[in-house]
Amino acid sequence: MKELVILSGKGGTGKTSLTAAFASLAENMMLCDADVDAADLHLIMDPDIQETHDFAGGYKAEIIPDACTGCGQCMELCRFDAVKPVEGAGIFCIDDLDCEGCGVCADLCPESAIKFEENVCGQWFASSTRFGEMIHARLGIAEDNSGRLVALVRDEARKRVTADHIDLLLTDGPPGIGCPVIASIGHANAVLIVTEPTVSGIHDMERVAQLAAHFKMPAMVCINKYDLNPDQARAIEVIAKEKEMVFVGKLPFDPAFTKAMVQGKSIMETHADSPAAAQIKEIWNRVMEHPAMKMDRLC
Amino acid sequence: MIISIASGKGGTGKTTVATNLCASLDADFMLLDCDVEEPNAHLFLNPTFTGKERVNAPVPEVDLSLCTYCKKCMEICRYGAIAVAGETVMTFPELCHSCGGCAVVCPEKAITEIDRFIGTVETGTLSLPQNPSFGRGLMDIGQVMAPPVIRQVRQLEKEKDLTIIDAPPGTSCPVIASMKGADFVLLVTEPTPFGLHDLTLAVEAVKLLGIPCGLVINRAGIGNDDVKNYAQDENIPVLLEIPFDKQIASAYSKGELLVQALPAYKEKFKDLYTSIEAIVNRKGEA
C-alpha cells in the first residue's frame with residue numbers, strides 16, 4: 001500500500017478541496033482525515049458512519065473537595081499553573097483547561113485527595129463514502145493530544161488498507177508544522193504541499209518543507225490560485241527546485257472550488273470540464289508518477 | 001485590554017485582520033504573533049527585531065552513579081519519556097512534557113533537569129507611527145510543544161496596555177493558550193461550509209473560556225449566507241465584512257496591507273476597534 005499526505009503549512013490553501021478532488025480520481029483508495037482539530041473533509045464526503053469509537057487521549061486530575069486539607073503541595077508541584085485556590089474555602093481545585101494530565105499532583109498528594117481518571121477527549125469514526133472507506137475523527141474542543149488522535153486514525157487507516165488490499169491511502173493533513181503534522185507523516189510515501197502564491201504561503205511552505213526534510217520525507221509542491229500572483233508562483237517553482245521537491249503543477253483561481261464545496265461535492269464532480277479540473281488530473285498523474293509513490297510501504 | 005484574533009479554520013484572514021487593525025489604530029498597543037508554527041504577521045508589518053531569547057523546556061538527565069534503578073521515575077511519567085530496564089535508564093526528551101515529576105520522586109536525587117531548546121521568542125518594534133512593540137514565537141522545526149512557546153510570547157504582555165494577539169488556527173491547546181485571559185476574541189471566518197463548520201468549533205472554544213466574541217467575515221460574497229445566519233442565531237455580532245476582491249488578494253499576495261492598497265479600510269478597522277472596546281466596556285460594567 002501507499003500513502004500520500006496532503007499538507008500546506010499555511011491553512012486555507014486548499015488541502016481538503018484538493019484531497020476531495022483526488023478522491024474522485026483515485027481507484028481502490030481509502031481516505032483519512034488527519035486534521036482532527038478542524039476536520040472538514042466529511043463536509044464533502046458525506047460519510048455514512050459505520051463505527052464510532054471513543055478516544056481516551058490522556059488523563060485529567062480532579063481534587064475531591066472533602067478530602068483536600070489545603071496543604072497546597074499540588075499547587076507547588078504543578079508546572080502548568082492548573083491548581084487554583086478555591087476562594088474562601090482553604091482548599092484547591094484544578095482548572096481542566098490548564099491540566100496537562102501529568103498526574104504528579106495525584107501521585108504525590110499526601111491525602112490521596114486527587115482523582116486521576118482517563119479522559120475521553122474525542123471520537124474517531126470508520127465510515128463509508130461514495131469514494132471508498134474513510135477514517136476520521138473529532139477532537140473535543142480545547143483538548144490536547146491532537147497528535148495522538150492523528151496517530152490513532154492513521155494507524156487504524158493503515159491497518160485497514162493493508163487488510164483490505166487497498167492500493168492507496170489519501171490523508172488530508174493538518175495545517176502548521178507541530179505535533180499533529182508530525183503525527184500525520186510518519187511512514188508515509190510522500191507529502192504533497194499545497195501552497196498559494198503569497199508571502200505567507202511561501203513562508204509557511206518553506207517551514208513545512210524543512211519539516212519534511214527533517215523527517216526525510218519526499219515532498220512535492222503544487223500551487224493553488226497561482227494567477228493571483230504569477231511572479232510569486234514562479235518564485236515557488238524556483239524554491240521547490242532548490243529544495244529538491246518535485247513541482248507537480250499549478251491551479252488557477254477558480255470560484256468552482258467554492259461552488260462545489262457549497263454543494264458538498266468535489267470540483268471533479270461538479271465542474272469536470274473546468275480548466276482547474278484538467279489541471280488537477282495532470283497534477284494527480286504527476287504525483288502518482290513520483291518515484292516515492294511507486295514503493296509499497298507495509299505497516 | 002487583550003484582543004485575541006482566532007478562526008478555527010486556517011487561511012481565513014486572521015493575520016490580515018490583526019495587521020490591518022494594528023496599522024489603523026491611533027492608540028498605543030503591542031502585537032504578539034502566537035501562531036508559533038507558522039507566524040506571518042512580520043511579513044506585513046516589517047518589524048525591526050532587537051531581542052531574541054530561547055524557549056527551553058526542562059527535561060530529565062539521570063546521574064547513573066546515583067541511580068538505584070528503582071523505576072519510580074518511570075512509574076510517575078505518563079508520557080513514556082523515561083524508561084528503566086535492568087541497569088539501563090533511557091530518556092526520550094521529545095516525549096517529555098516537562099512536568100518535573102521524575103525529578104521530584106527520585107529518592108536518590110539522581111535526576112536533574114536540563115534545558116532542551118524548543119523555540120525562540122523575538123521582540124522588536126513595528127514600523128508604524130507609535131513604534132508599537134512586537135513579539136513573536138517561532139517553534140523550532142521538528143518540535144511538538146507549541147504551548148510553552150506561546151506562553152513565553154505572552155509573558156511580554158503588559159497589564160494596562162492594549163495587546164493584539166494573532167492566534168494559530170484550530171481549537172486545541174495552542175489556540176486555547178493564545179485565547180486564555182483575553183478580554184475579547186475576534187473570530188475571522190469566510191462564508192463557506194468549511195468556514196462555518198470550523199467557526200462553530202471556535203465559538204464553542206470561546207464559550208468554554210467565557211470570553212465575549214465578535215466576527216469578521218472575510219471574502220464576503222463567495223459561498224453562501226449560512227455564516228451570517230449562524231451568527232444571527234448565536235447572537236454573535238458581525239463587526240466587519242471584507243468582500244472578496246482580487247485587488248485585496250493581490251495586495252495580500254505581495255505582503256501589502258489592505259489599508260495601504262485601499263486606504264478607505266482604515267476607518268473600517270478603527271470602527272472595528274471602537275465596537276470591540278464598547279463590547280468589552282459593557283461587559284466590564286455588567
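This report covers chain A, its helix 7 and its contacts with chain B.

The model is predicted. Chain A holds 11 helices and 11 strands. Along the principal axes, its C-alpha atoms fill a box of roughly 70 × 40 × 35 Å. Of its 299 residues, 54% count as buried. Contacts often span long stretches of sequence: among those between residues at least 6 apart, 75% join residues at least 24 apart.

Chain A meets chain B through 51 residues, which are in contact with 49 residues of chain B. Five helices of chain A each give two or more residues to this side: helix 4, helix 5, helix 6, helix 7 and helix 9. Helix 7 supplies the largest share, eight residues. By residue class, the side of chain A that touches chain B divides as follows.

| Class | Residues on the side of chain A that touches chain B |
|---|---|
| Nonpolar | 22 residues |
| Polar | 19 residues |
| Charged | 10 residues |

Helix 7 of chain A runs over residues 199-214 and has 16 residues. From first C-alpha to last it reaches 23 Å, close to the 22 Å expected at 1.5 Å a residue. Which residues of helix 7 are buried? Toward the start of the list come Ser200(A), Gly201(A), Ile202(A), Asp204(A) and Met205(A). Val208(A), Ala209(A), Leu211(A) and Ala212(A) are buried as well. After the helix comes Lys216(A), whose phi is positive, near 55°.

Helix 7 thus appears twice in this account: it carries the buried residues named above, and it gives the largest share of the side of chain A that touches chain B.

Key: Residues numbered from 1 in each chain as written. Chains lettered and ligands numbered in written order. Predicted model: local features only at pLDDT ≥ 70, side-chain atom pairs only at ≥ 80, totals over all residues. Helix = DSSP H or I, 4+ residues; strand = E, 2+ residues; numbered from the N terminus. Expected span 1.5 Å × (residues − 1). Buried ≥ 20, exposed ≤ 12 C-beta atoms within 10 Å, placed from the backbone. Contact = placed C-beta atoms within 7 Å. Nonpolar A, V, L, I, M, F, W, Y, C, P; charged D, E, K, R; others polar.
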